[in-house]
Amino acid sequence: MYVCLCKAVTSQQIEDAVVQGDSYAQIRQKYGVGTDCGCCGQSAKQLIRQTVANLPACEFSEAS
Ligand code: FES
């Protein structure tokens with residue numbers, strides 16, 4: 001599904017970038033999300049938050 005129509009960026013591209021460790025700013029710079037009409041910014045941020053929340057917990061976070 002397209003999140004950013006202006007730059008033709010899909011939800012899969014954003015999810016993959018988040019898994020690789022990219023922040024919204026990095027995704028914005030890399031793909032141009034939110035840099036044209038800006039309509040997709042909130043949707044992209046929400047998708048990033050959801051993707052981060054669904055990432056497996058870091059094994060080191062349980063050690064503390
Ligand atoms: S829909 Fe993403 S900048 Fe326009």
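A residue counts as partly exposed here when its C-beta neighbours within 10 Å number more than the 12 that still make it exposed and fewer than the 20 that make it buried. Keep that cut-off at hand for the stop at Asp22. The model on screen is predicted.

**Whole chain**

Show the chain as a cartoon. Count three helices and two strands. From the N terminus on, the order is β-β-α-α-α. Along the principal axes, the C-alpha atoms fill a box of roughly 45 × 20 × 15 Å. Now colour by burial: 22% of the 64 residues count as buried. Turn on contacts between residues at least 6 apart in sequence, and 48% of them join residues at least 24 apart.

**Helix H1**

Select residues 11-19, which form H1. Which residues of H1 are buried? They are Ile14, Ala17 and Val18. Look down the axis: these three cover an arc of only 100°, so they sit on the same side of H1. An α-helix has 3.6 residues a turn, so positions three or four places apart point the same way. Rotate to the other side of H1, where Gln12 and Val19 are exposed.

Next, show what the buried residues of H1 pack against. Select strand E1 (2-4) and strand E2 (9-10), then helix H2 (24-31) and helix H3 (41-53). Each of these four elements is a packing partner.

**H1 against H3**

Keep H1 and H3; hide the rest. The two axes come within 10 Å and cross at roughly 50°. That angle lies between 35 and 65 degrees, so H1 and H3 are oblique to each other. The crossing is right-handed. On the H1 side, select Ser11, Ile14, Glu15 and Val18. On the H3 side, select Ala44, Leu47, Ile48, Thr51 and Val52. Those residues make the contact.

**The loop after H1**

Step off the end of H1 to Gly21. Its phi is positive, about 105°. Then click Asp22, in the loop between H1 and H2. Is Asp22 buried, exposed or partly exposed? Asp22 has 17 C-beta neighbours inside 10 Å, so it counts as partly exposed. Leaving aside residues up to four places away in sequence, Asp22 touches Ala17, Ile27 and Lys30. Draw a distance from the C-alpha of Asp22 to that of Ile48: it reads 9.4 Å, across 26 residues of chain.

**The nonpolar core**

Now go inside. The largest nonpolar core has 13 residues. Show Val3, Cys4, Val9, Ile14, Ile27, Val33 and Ala44, the members with the most contacts inside it. E1, H1, H2 and H3 each supply at least two residues of this core. In soluble globular proteins, nonpolar side chains tend to be buried together.

Centre on Val9. What does Val9 touch, not counting residues up to four places away in sequence? The list is Tyr2, Val3, Cys4, Ile14, Tyr31 and Val33.

**Last stop: Ala8**

Move one place back, to Ala8. Ala8 lies in the loop between E1 and E2. Check its backbone: phi is positive, about 55°, although Ala8 is not a glycine. Most residues other than glycine have a negative phi. Why does Ala8 count as exposed? Because Ala8 has 11 C-beta neighbours inside 10 Å, and 12 or fewer make a residue exposed. Compare the two loop stops: Asp22 is partly exposed, whereas Ala8 is exposed.

How values were computed
Residues numbered from 1 in each chain as written. Predicted model: local features only at pLDDT ≥ 70, side-chain atom pairs only at ≥ 80, totals over all residues. Arc of directions from axis to C-beta. Contact = placed C-beta atoms within 7 Å. Core = buried A, V, L, I, M, F, W, Y, C linked by C-beta atoms within 7 Å. Axes fitted to C-alpha atoms, helices over the stretch in contact; angles between N-to-C directions. Parallel < 35°, antiparallel > 145°, perpendicular 65-115°, else oblique. Left-handed = near helix turned anticlockwise from the far one by under 90°.
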